[in-house]
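Here are a few exercises to work through with the model open. Try each task yourself before you read the solution.

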Amino acid sequence: MYRIGQEEIDAVARVINSGQLFRIGSAYSEVDNFEKELAEKLFVKYTLFVTGGTTALIAALIGLGVGPGDEVIVPAYTFMASALAVTAVGAVPVIAEVDETLMIDPEDVEKKISPHTKAIIPVHMLGYPCDMDRIMSIADKYNLLVLEDACQAVGGSYKG
Ligand SMILES: Cc1ncc(COP(=O)(O)O)c(C=O)c1O
C-alpha cells in the first residue's frame with residue numbers, strides 16, 4: 001500500500017534538526033514542499049496538509065456545508081473515521097452496503113437516499129477504487145455532494 005524509506009527518514013530528520021517545528025513563521029517549511037510536490041503528483045492546483053485523515057474529512061465536510069439536519073451516506077466497510085467525521089459536524093451517517101468488490105454499493109446508495117441526504121462518502125479501501133462513474137451519476141441525478149475518503153489510496157488513480 002505504501003512504502004517508507006530513507007527519503008522519509010531524512011525529511012523528518014531535516015525538520016527535527018532545523019528546530020522549526022511550526023510551519024508558520026519559518027522560512028523553510030518541509031510541509032510547504034510536500035504540499036507542492038503532492039499537488040504536482042496528483043495533477044491538482046492545491047493541497048492542504050492537516051493533522052490527519054479524520055481532520056481532513058471534518059474540514060472537507062464543513063467546507064461543503066454539511067451540518068445538523070443532513071444525512072451523509074458512508075459504506076459499511078471503512079475505517080470508523082469516515083462515519084465519525086459526519087457525526088463530528090452534527091450530521092447523521094447512513095450506512096450503505098458494500099458489494100462484491102468490498103467498496104460502497106452504488107445500488108444500495110440509491111436506496112439509502114432520503115430528502116435529508118446531502119452527500120456521499122465513497123471510501124477507496126486498501127487502495128482499491130470505488131465505482132466512481134456510478135457514484136457520480138447518482139450524485140448528479142439527486143444533486144448530492146461527493147467527498148472521496150482517499151486516506152487509504154493517496155496517489156491512486158482511477159481508469160488511468
Ligand atoms: C479510510 C480511512 N479514513 C479515515 C481515516 C482517519 O485517518 P486518521 O487516523 O489519520 O485520522 C483512516 C485512518 O486509518 C482511514 O483508513
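**Exercise 1. Find which polar atoms of the protein lie by an oxygen atom of the ligand, and work out how much of the ligand is covered.**

Start with the backbone: a backbone N or O atom of Gly-53 lies 2.8 Å from an oxygen atom of the ligand. Next, take the side chains. Thr-54 puts a polar side-chain atom 2.5 Å from a ligand oxygen, and Gln-152 has one at 2.9 Å. These are polar contacts, meaning pairs of N or O atoms within 3.5 Å. On its own the ligand has 390 Å² of accessible area, and the protein covers 73% of that (Shrake-Rupley method, 1.4 Å probe).

A word on the model: it is predicted, with local features needing pLDDT of at least 70 and side-chain atom pairs pLDDT 80 or more, while totals for chains, interfaces and linings use all residues. Residues are numbered from 1 along each chain as its sequence is written, and side-chain values use heavy atoms, without hydrogens and water.

**Exercise 2. List the shell around the ligand and sort it by residue class.**

Collect residues with a heavy atom within 4 Å of the ligand. You should get Gly-52, Gly-53, Thr-54, Leu-57, Phe-79, Ala-81, Val-123, Asp-149, Cys-151 and Gln-152. Now sort them: 5 are nonpolar, 4 polar and 1 charged, with Cys counted as nonpolar and Gly as polar. Finally, ask which element gives the largest share: helix H3 (residues 53-63), with 3 residues.

**Exercise 3. Check the length of helix H1 and see what follows H1.**

Helices here are DSSP runs (H or I) of at least four residues, and strands (E) of at least two. H1 covers residues 6-18, which is 13 residues. The expected span is 1.5 Å times one less than the number of residues. That gives 18 Å for H1, and the end C-alpha atoms are 18 Å apart, so the two agree. Just after H1, Gly-19 takes a positive phi of about 75 degrees.

**Exercise 4. Work out the strand order of the sheet.**

First, get the overall run: from the N terminus, the elements go α-α-α-β-α-β-α-β-α-β. Then look for pairs, which need at least two DSSP bridges. The 4 strands form an open, parallel sheet in the order E2-E1-E3-E4. E2 (92-96) and E4 (145-146) are the edge strands, each pairing on one side only. For one pair in detail, E1 (residues 71-75) runs parallel to E2 and is joined to E2 by 5 bridges; Val-72 has Pro-93 in E2 as its bridge partner.

Key
A polar contact is a pair of N or O atoms within 3.5 Å; within protein, one must be able to donate a hydrogen and the other to accept it, and residues adjacent in sequence count only if both atoms are side-chain atoms.
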